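I have a structure open and a notebook beside it. Here is what I looked up, entry by entry.

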Amino acid sequence: MRPVRIATAALTAAALSLPLVVTSATAAPPADREAAPHSNAKFDRLREAAPKGFYVGTAVAGGGHHLEQDYPDPFTHDRKYRKILGQQFNSVSPENQMKWEFIHPERDTYDFEAADAIVEFAERHRQVVRGHTLLWHSQNPEWLEQGDFSKEELREILREHITTVVGRYKGKIQQWDVANEIFDDQGNLRTQDNIWIRELGPGIIADAFRWAHEADPEAKLFFNDYNVESDNAKSDAYYELSQELLAQGVPVHGFSVQAHLSMRYGFPGDLQQNLQRFDDLGLETAVTELDVRMDLPESGKPTAEQQKQQADWYQRVLEACLAVEECNSFTIWGFTDKYSWVPVFFEGEGSATVMTEDFKRKPAFYALRSSLKEAKWEQWKEDRGWKRR
């Protein structure tokens, strides 16, 4: 979509500097259309607020760490969760259900049940799907990591996996995270912990993109990583590799930033500029795993100031994406704290999503909806030739 400059950016920033009650009021529905605390009315949905051609999505909770928790599979058993998932978003990403350990548990066995259910759910709810992920160093099954394979066998295992998985969902997956987290924070390829790069060399990355493209020529194929929101050594490495692969005619279509942010650290203020330089290469860009975690006080509840800062960060990430022409996909990594991965992996941090454990909207939700509505309004005016005075 065309970049949309938010006309009310200054007003929004000012609103976020006021007490929390003021921030929430400015972003909430108009007085004549006040939403109930758990409303999913059409006017109160993120997907309805989004501009045409822009996808706002979420990860679908399941697999991974969820298997170790004291609750059943969220996607299968939580009806409230599924209802909100279908109503609020027009894009979904399997959180763990398409990762190797889940979908390919034994060498000659695939388990498509959970992934199929997500894709079928998306079709019923007019949602697109982001596939996650094909080549990664983590969450691989033991048979793969501990297997005694020759280079030829390992190469064939990867080719067969990509061909089988991508081919099964041909025409049903909008974007694939083909190569996930292949660089370390210093911008070096993971030549030790990534089995594919370690055993087969860097050239296997291009092969993975080629195989995925052959299996589904219509799917958009992405690099995906964390700590690449800014122009740094890691994102520079992706920029250089993208240039090289594009020059070789490798079907690389996009670069995505995960955006797992923590309020312990600063906000990536050059996010828009960083996305723009990949856009200038001719790549699509995306935000794929956004959450904003924080250190919680002893009460376990975030303060008003923390919620205000979180809302600001969610909004700034969204507006950076909206401002870049081919950044058309924006995904938050879960929408409720009830199933967030953050407390499991980051001790003392939490409250990272846009809804509480009982699905009550936080200021971050309203901040996202406000920016989406403004972008949609600007798009509507531009399409009709309206010009600002």
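**Entry 1: one threonine**

Leaving aside neighbours within four places in sequence, which residues is Thr285 in contact with? I was working with a predicted model here. I found contacts with Phe222, Phe255, Leu275, Phe278, Asp279, Val324, Glu326, Cys327, Asn328 and Ser329. Thr285 itself sits in strand β8, which covers residues 284-295. Its relative accessible area is 1%, and the cut-off for buried is under 20%, so I wrote Thr285 down as buried.

**Entry 2: the whole protein**

Next I zoomed out. I noted 16 helices and ten strands. Of the 389 residues, 55% are buried. I also looked at contacts between residues with a separation of 6 or more: 79% of those join residues 24 or more positions apart. The protein exposes about 16800 Å², and carbon and sulfur atoms supply 48% of that.

**Entry 3: helix α7**

How far apart are the end C-alpha atoms of helix α7? I read off 17 Å. The helix has twelve residues (113-124), and at 1.5 Å a residue they should span 16 Å, so the two values agree. I then listed the buried residues of α7: Ala115, Asp116, Ile118, Val119, Phe121 and Ala122. An α-helix has 3.6 residues a turn, so residues three or four places apart point the same way. Just after α7, I spotted Arg126 with a positive phi of about 55°.

**Entry 4: salt bridges**

Side chains of opposite charge can pair when their charged atoms come close. I got a count of 23 salt bridges and picked a few to look at.

Asp207 and Arg210 meet at 3.1 Å, N to O. They are three residues apart in helix α11 (residues 203-215), so about one helical turn separates them. Is Asp207 buried or exposed? Asp207 is buried, at 14% relative accessible area, whereas Arg210 is partly exposed at 31%.

Then I went to Asp231 and Arg277, which form a salt bridge at 3.3 Å, N to O. Asp231 lies in the loop between β5 (220-225) and α12 (233-247), and Arg277 is in helix α13 (residues 271-280), so this pair ties together parts that are 46 residues apart in sequence. Asp231 is partly exposed, with 44% relative accessibility. Arg277 counts as buried at 16%.

My third pick was Glu378 with Lys381, again a salt bridge, at 3.3 Å from N to O. Both lie in helix α16, three residues apart, which is about one turn. Both are buried, too. I also found a network: Arg264, Arg293, Asp295 and Glu349 are joined by salt bridges that share partners.

**Entry 5: aromatic rings**

A pair of aromatic rings is described by the distance of the centres and the angle of the planes. How many aromatic pairs does a search of the whole structure find? I got 24. For Trp100 and Trp143, the ring centres are 6.3 Å apart and the planes are at 45°, so I called that pair tilted. Trp100 is in helix α6 (residues 100-103) and Trp143 is in helix α8 (residues 142-145), so the pair links distant parts of the chain, 43 residues apart. Trp100 is buried at 2% relative accessible area, and Trp143 is buried at 14%.

Trp100 also pairs with Trp196, with 5.3 Å centre to centre and 45° between the planes, another tilted pair. Trp196 belongs to helix α10 (residues 195-200), and it is 96 residues from Trp100 in the chain. I put Trp196 down as buried, with a relative accessible area of 0%.

I ended this entry with one aromatic cluster, made up of Phe183, Phe209, Phe223, Tyr238, Tyr239, Phe255 and Phe278. Phe255 and Phe278 were familiar names, as both are among the contacts of Thr285.

**Entry 6: tryptophans on the surface**

Which residues form a nonpolar patch on the surface with Trp386? I found Trp377 and Trp380, and the three together have about 340 Å² of accessible area. Trp386 sits in the segment after α16 (363-383). At 48% relative accessibility, Trp386 counts as partly exposed, since exposed starts over 50%.

Terms used
Residues numbered from 1 in each chain as written. Predicted model: local features only at pLDDT ≥ 70, side-chain atom pairs only at ≥ 80, totals over all residues. Heavy atoms only, no water. Helix = DSSP H or I, 4+ residues; strand = E, 2+ residues; numbered from the N terminus. Buried < 20%, exposed > 50% of the residue type's maximum accessible area, 1.4 Å probe, protein only. Contact = heavy atoms within 4.5 Å. Areas by Shrake-Rupley, 256 points an atom, 1.4 Å probe, with all protein chains shown as cover. Patch = residues over 30% accessible without salt bridge, like charges linked within 9 Å, V, L, I, M, F, W, Y side chains within 5 Å. Salt bridge = Lys/Arg side-chain N within 4 Å of Asp/Glu carboxyl O. Expected span 1.5 Å × (residues − 1). Phe/Tyr/Trp six-rings, centres within 6.5 Å; stacked < 30°, edge-to-face > 60°.
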